[in-house]
Amino acid sequence: MTAPLRIALAGLGTVGTGVIRLIEANGAMIAQRAGRPIIVSAISARDRSRDRGIDLAAYPWYDQPEQLAALDDIDCVVEMIGGSDGTALELARKSLASGKSFVTANKAMIAHHGMELAKAAETGNLSLRYEAAVAGGIPVIKGLRDGASANRIERVYGILNGTCNYVLTEMEKHGRAFDDVLKDAQEIGYAEADPSFDIDGVDAAHKLAILAALSFGKALDFEGVEIDGIRHIMAADIGQAKALGYRIRLLGMARIDDGKLFQRVNPYLVPENHPLAHIDGSTNAVVAEGNFSGRLMFQGAGAGEGPTASAVVADLIDIARGDAGTVFATPASKMEPCERAESGNRIGKSYIRFIVADKPGVLAEITAAMRDAEVSIESLIQTEKAAEGSVLISMVTHDSRERDVSLGLAALSSSTSLKAAPVVMHLLSDQD
Ligand SMILES: NC(=O)C1=CN([C@@H]2O[C@H](COP(=O)(O)OP(=O)(O)OC[C@H]3O[C@@H](n4cnc5c(N)ncnc54)[C@H](O)[C@@H]3O)[C@@H](O)[C@H]2O)C=CC1
Ligand SMILES: N[C@@H](CC=O)C(=O)O
Ligand code: NA
């Protein structure tokens, strides 16, 4: 057996400790499959004394993660710290500059700096791998980069955040309160260090931008993702969607429209007969449509210690085999920026929820604003009491231009009848 792959691991939280546990548990099998052992030769985290439930005494400890990049006896640095900039980015830059391969689970860093890091890796003929960064344990990066690489992909979408999907499905199935379920997700280890990245859609947007770059061969454009999260979703929305035959899921959607790049993260009403409506808990699912492969669907655990560690170690096995491939499906030097598509031009049905004063004439005011914006209403689902003196009204539009829906709502923005900003969610259709 050839020399081991010597790794240095920075960050020993949920994922970092999971990587050590996995290598300790499956080390012999991994060595066989990789053709050589993978050994942890250095570790670093913030707090040496913290009880992580594993014995770290055998692993050389470094107080500063950046020290790992400078070690001579290391082949690959594994970054499990998180954050788009700061320590993680410094470590990535220094590791690649000092000729080490780099493995990360950090979608924020790849979404913001992926092009720079990919070019550095390609220039140095090094591996930069990030399977764990998108959809946790699901081999979707490998699937798109390698398995589907012969295809032109024009649409990629799916459920990309385990925390949000867990929150939405617990609310839907068990009637639990939003904050209570989110706390659970944090305790289990699904949520980001700052859970607002999850519930405000930013984490899903990081992943979507990476998927889009992989799928379309265009430069990563995280700033081009339109983002809305699930913070404003009420139990009543879930109930009303259900009454209509839909389930609410936070989706990331990227496509090429007339040569322009459209990227959006939004809660969608997904028809009950659509496979994505049946993705529950922290499970993720990614759908990609290839022009020869047809529809591909990748599904599995999107978050949590075991699944994420599984993806990290799979990257390490590839590196140990000397089989690390390109960073994206297209060489980074050939990935040009793409013009952004305007979402206002998109046509589809929308669900709109209002909380309004409980007084006569309010419904007429809303429908008049929509009529003036040329948005016709397909159904007024239900009205129910929201709080003392206010009612909740939800409606579904006919197919309408998104810009017109926004215009209708803008016309209502100064109305004293509205007690909260209206909430808009799109209905997933084949045109999306
Ligand atoms: N938890 C999950 O299910 C998943 C997490 N990820 C990603 O994996 C990465 C790690 O996530 P978790 O393990 O959940 O986070 P965590 O918060 O549990 O662990 C982070 C670790 O990094 C250390 N750390 C933080 N700042 C540091 C600094 N400046 N210097 C040295 N050490 C520092 C912390 O002490 C801790 O050991 C993040 O990029 C996250 O987005 C990716 C997929 C799934
Ligand atoms: N916080 C993320 C973790 C995995 O990427 C999520 O909930 O999906
Ligand atoms: Na993955």
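**View 1. Glu374 sits in a loop between a helix and a strand.** In this predicted model, Glu374 belongs to the loop that links α12 (362-372) and β15 (377-387). Is Glu374 buried or exposed? Glu374 counts as exposed, because it has 12 C-beta neighbours inside 10 Å, and a residue with 12 or fewer falls in that class. For a sense of distance, pick out Arg255 as well: Glu374 and Arg255 are 119 residues apart in sequence and 27 Å apart in space, C-alpha to C-alpha.

**View 2. Strand β14 has a partner strand in β16 and another in β18.** Begin with β14 (residues 350-357), a mostly covered strand in which six of the eight residues are buried. Strand β16 (residues 390-397) runs antiparallel to β14, and seven bridges join the two. Look for Phe354, which stands opposite Ile393 in β16. Strand β18 (residues 423-427) is also antiparallel to β14, joined to it by four bridges. Here the pair to find is Ile352 and, opposite it in β18, Val424. As background, strands of a sheet pair through backbone hydrogen bonds, in either a parallel or an antiparallel way.

**View 3. Domain 2 meets domain 3.** The chain is divided into domain 1 (5-133), domain 2 (140-302 + 326-342) and domain 3 (344-427). Between the centres of domain 2 and domain 3, taken over C-alpha atoms, there are 26 Å. Domain 2 gives 14 residues to the contact, and domain 3 gives 14 residues. Which elements supply the domain 2 side? There, α10 (235-244), β9 (246-257) and β10 (260-271) each provide at least two residues. The largest share, six residues, comes from α10. Sorted by class, this side of domain 2 has nine nonpolar, three polar and two charged residues.

**View 4. A six-stranded open sheet.** Follow the strands across the sheet and you will meet them in the order β3-β2-β1-β4-β5-β6, with parallel pairing. Why do β3 (61-62) and β6 (128-129) each have a side without a neighbour in the sheet? They stand at the edges with a single partner strand each, so one side of each is left free of a neighbour there. Further in, β1 (residues 5-10) and β2 (residues 38-44) pair in the parallel sense over six bridges. One spot to find is Ala10, whose bridge partner in β2 is Ser44. Helix α1 (residues 14-34) lies across β1, β2 and β4 (76-79), and α1 runs at about 160° to β2.

**View 5. Strand β5 is covered on both faces.** In a regular strand, the side chains alternate between the two faces of the sheet. In β5 (residues 101-104), Ser101 and Val103 are on one side, Phe102 and Thr104 are on the other, and all of them are buried. Strand β4 runs parallel to β5, and four bridges join them. Val77 has Phe102 in β5 as its bridge partner.

**View 6. The surroundings of ligand 1.** There are 27 residues around ligand 1, and those that come nearest are Gly11, Gly13, Gly82, Ala105 and Ala303. Which helix gives the largest share of this shell? That helix is α1, with three residues. The shell draws at least three residues from each of domain 1 (5-133) and domain 2 (140-302 + 326-342). By class, the shell divides into 12 nonpolar, 11 polar and four charged residues.

**View 7. The surroundings of ligand 2.** Among the residues around ligand 2 are Gly136, Asn161, Thr163, Tyr190, Glu192, Asp198 and Asp203. Ala303 is also in this list, and it is one of the residues that come nearest to ligand 1. The shell of ligand 2 has three nonpolar, five polar and three charged residues.

**View 8. Ala135 and Asp258 have positive phi values.** Neither residue is a glycine: phi of Ala135 is near 60°, and phi of Asp258 is about 50°. Ala135 is found in the loop between β6 and α5 (140-147), while Asp258 is in the loop between β9 and β10. Which of the words buried or exposed fits Ala135? Ala135 counts as buried because it has 33 C-beta neighbours inside 10 Å. Asp258, with 8 other C-beta atoms within 10 Å, is exposed.

Note on methods. Residues are numbered from 1 along each chain as its sequence is written. Chains are lettered from A and ligands numbered from 1 in the order in which they are written. This is a predicted model: local features need pLDDT of at least 70, side-chain atom pairs count only at pLDDT 80 or more; totals for chains, interfaces and linings use all residues. Two strands pair if DSSP finds at least two bridges between them. Two residues are in contact if their C-beta atoms, placed from the backbone, lie within 7 Å. Axes are lines fitted to C-alpha atoms, for helices over the stretch in contact, and angles run from 0 to 180 degrees between N-to-C directions. A residue is near a molecule or strand if its C-beta atom, placed from the backbone, lies within 6 Å of it. Ala, Val, Leu, Ile, Met, Phe, Trp, Tyr, Cys and Pro count as nonpolar, Asp, Glu, Lys and Arg as charged, and the others, Gly among them, as polar. A residue is buried if 20 or more other C-beta atoms lie within 10 Å of its own, exposed if 12 or fewer, and partly exposed in between; C-beta atoms are placed from the backbone. Domain bounds come from an automatic or database domain assignment.
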